[in-house]
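Open the structure in your viewer and keep the selection panel at hand. The stops below say what to select and what is there.

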Amino acid sequence: MKNGSFLTLGIESSCDETAIAVVADGRRILSNVISSQIDIHTAYGGVVPEIASRNHLQNINLVLDQALGEAGVRLEDIDLIGVTKGPGLIGCVVIGVACAKALSFARGIPLVGVNHMHGHVSANYLQYPDLEPPFLALIVSGGHTNIVEVKAYGQCEVLGATRDDAAGEAFDKVARVIGLGYPGGPKIDRAARRGDPDAIHFKRVLLEPGSYDFSFSGLKTQVLNRVNQARMQGKDLPVEDIAASFQQAVLDVIVEKVMAAVKERGEDRVVIAGGVAANSGLRDQLSRACEGAGVRLYLPDPVLCTDNGAMIASAAYYQYQTQGPDDLTLDARADLPL
Ligand code: KG4
Ligand code: ZN
């Protein structure tokens with residue numbers, strides 16, 4: 001507690017970002033330090049789990065010191081420690097969980113293990129101080145694609161999920177196929193802005209009528225086939241056009257399903273979350289669709305969409321209020337469900 005504020009330390013290490021933040025009263029960011037391993041994994045064309053976990057181990061104490069320093073607080077001022085307990089790369093998640101448990105044990109600070117996906121949704125509480133559940137949320141990340149009804153803090157009803165690849169996974173795989181490399185999402189986003197989204201037609205997979213589920217794995221194959229076909233004909237497809245056409249195929253499906261859920265359930269607020277929510281095309285197109293339907297869209301800043309510690313701190317703050325602390329048997333779980 002400092003100056004009457006309840007301080008939560010948020011620790012995130014589920015993939016390739018070692019991230020720690022200090023958040024006041026679940027809503028106000030005092031520091032949000034993100035140590036990205038992008039440069040390390042670029043050489044391998046994607047995240048190498050073993051290398052990622054080793055780097056978390058090397059970095060986590062430095063990131064902790066920086067997060068406390070930038071917030072101008074000491075460990076003894078911290079009232080609660082929140083940490084991602086899953087889902088994620090298991091060797092990575094355990095580093096954050098071990099760090100959180102050690103701090104909790106050594107300093108007697110209550111501990112809360114947070115579902116990473118609830119963390120992504122909670123990025124919106126940081127950006128929009130007045131936002132409270134219930135609302136509809138689109139969660140689009142490297143590992144998940146979900147449309148959910150957020151009924152209360154940390155409580156979701158899943159309306160739809162991907163049946164194969166997540167949206168971010170599709171961006172990353174297609175980026176590799178067309179030679180853009182890692183990290184795929186931001187590179188496709190940038191290339192797509194210079195390309196023609198109608199240049200190549202990729203099939204939109206909508207599944208059964210009324211379903212909010214997704215399927216993106218076929219898109220990668222479609223892109224691969226078109227690239228190979230063009231090569232065999234001695235033609236070169238501009239990378240920007242492939243990127244724009246692929247991205248549009250993903251966005252058309254996402255926007256259509258979100259707006260169908262809005263209509264069917266009479267929602268008036270939609271929140272987006274997860275790394276792919278940083279995509280400029282998704283932000284534009286969903287904004288336009290929501291405006292047309294008279295629905296308010298909540299868009300966290302891109303830095304809050306991708307993995308960070310502040311979102312974990314916010315989720316932990318509300319979880320602690322409703323469910324209390326976890327004990328030191330808290331464990332990491334790679335496939336933790338929503
Ligand atoms: O949420 P996140 O940081 O980590 C996971 O929880 O997975 O999401 C990472 C994913 C990656 O697949 C990355 O390519 C994608 O988000 N991503 C983007 C953009 N920025 C990150 N996808 C599309 N456009 C972007 N601008
Ligand atoms: Zn994430």
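In what order do the strands of the open sheet with S8 and S10 stand, and how are they paired? The order is S8-S7-S6-S9-S10, and the pairing of these 5 strands is mixed. The model is a predicted one, in which local features need pLDDT of at least 70 and side-chain atom pairs count only at pLDDT 80 or more, while totals for chains, interfaces and linings use all residues. Residues are numbered from 1 along each chain as its sequence is written, chains are lettered from A and ligands numbered from 1 in the order in which they are written, and side-chain values use heavy atoms, with hydrogens and water left out. Helices (H or I, at least four residues) and strands (E, at least two) are DSSP runs numbered from the N terminus. Two strands count as paired if DSSP finds at least two bridges between them.

**Stop 1: the sheet from S8 to S10**

Select S8 and strand S10 (296-298): they stand at the edges with a single partner strand each, so one side of each has no neighbour in the sheet. Neighbouring strands here are turned by 25° against each other on average, direction ignored.

Now select strand S7 (residues 145-152) and strand S8 (residues 155-161), which run antiparallel and are joined by 6 bridges. Val148 stands opposite Val158 in S8. S7 and S8 form a hairpin with 2 residues between them, and Gly154 in the turn has a positive phi of about 70°.

Further along, S6 and strand S9 (residues 269-273) pair in the parallel sense over 4 bridges. Leu138 has Ile272 in S9 as its bridge partner.

**Stop 2: helices on this sheet**

Contact here means heavy atoms within 4.5 Å. Angles run from 0 to 180 degrees between N-to-C directions, and axes are lines fitted to C-alpha atoms, for helices over the stretch in contact. Add H8, which lies across S6, S7, S8 and S9 and runs at about 165° to S6. Helix H9 (residues 280-292) also packs on the sheet, where it touches S6, S9 and S10, and its direction makes about 160° with that of S10.

Next, show helix H5 (residues 167-177) with helix H8 (residues 239-265): they pack at an angle of about 170°, and their axes are 11 Å apart. H5 is therefore roughly antiparallel to H8, a term for angles over 145 degrees. Which residues of H5 meet H8? They are Ala167, Ala170, Phe171 and Val174, and on the H8 side stand Phe246, Gln247, Val250 and Ile254. The residues of this contact divide into 7 nonpolar, 1 polar and no charged.

**Stop 3: the other sheet**

Select the strands in the order S3-S2-S1-S4-S5: these 5 form an open sheet with mixed pairing. Strand S3 (28-36) and strand S5 (111-115) are at the edges with a single partner strand each, so one side of each is left without a neighbour in the sheet. From one strand to the next the twist averages 20°.

Strand S2 (residues 17-24) and S3 run antiparallel, joined by 8 bridges. Ile20 has Val33 in S3 as its bridge partner. In the loop between S2 and S3, find Asp25. Asp25 is not a glycine, yet has a positive phi of about 55°.

Helix H2 (residues 49-71) lies across strand S1 (7-12), S2 and S3, at about 25° to S2. Helix H4 (residues 116-127) lies across S1, S2, S3, strand S4 (80-86) and S5, at about 95° to S5.

**Stop 4: the zinc ion**

Select ligand 2. Which protein atoms are the donors of this zinc ion? They are His116 (NE2), His120 (NE2) and Asp307 (OD), at 2.0 to 2.1 Å from the ion. Donors are N, O and S atoms within 2.8 Å of the metal (3.2 Å for Na, K and Ca), and water is not among the atoms, so sites may look incomplete. His120 in helix H4 and Asp307, in the loop between helix H10 (302-305) and helix H11 (309-323), are 187 residues apart. Both His120 and Asp307 are buried, that is, under 20% relative accessible area.

**Stop 5: two cis peptide bonds**

Go to Pro134 in the loop between H4 and strand S6 (135-140). The bond from Pro133 to Pro134 is cis, with omega near 5°. Then select Pro183, in the loop between H5 and helix H6 (184-192). The bond from Tyr182 to Pro183 is cis as well, with omega near -5°.

Conventions
Angles under 35 degrees count as roughly parallel, over 145 as roughly antiparallel, 65 to 115 as roughly perpendicular and the rest as oblique. Ala, Val, Leu, Ile, Met, Phe, Trp, Tyr, Cys and Pro count as nonpolar, Asp, Glu, Lys and Arg as charged, and the others, Gly among them, as polar. Buried means under 20% relative accessible area, exposed over 50%, partly exposed in between (1.4 Å probe, protein chains only).
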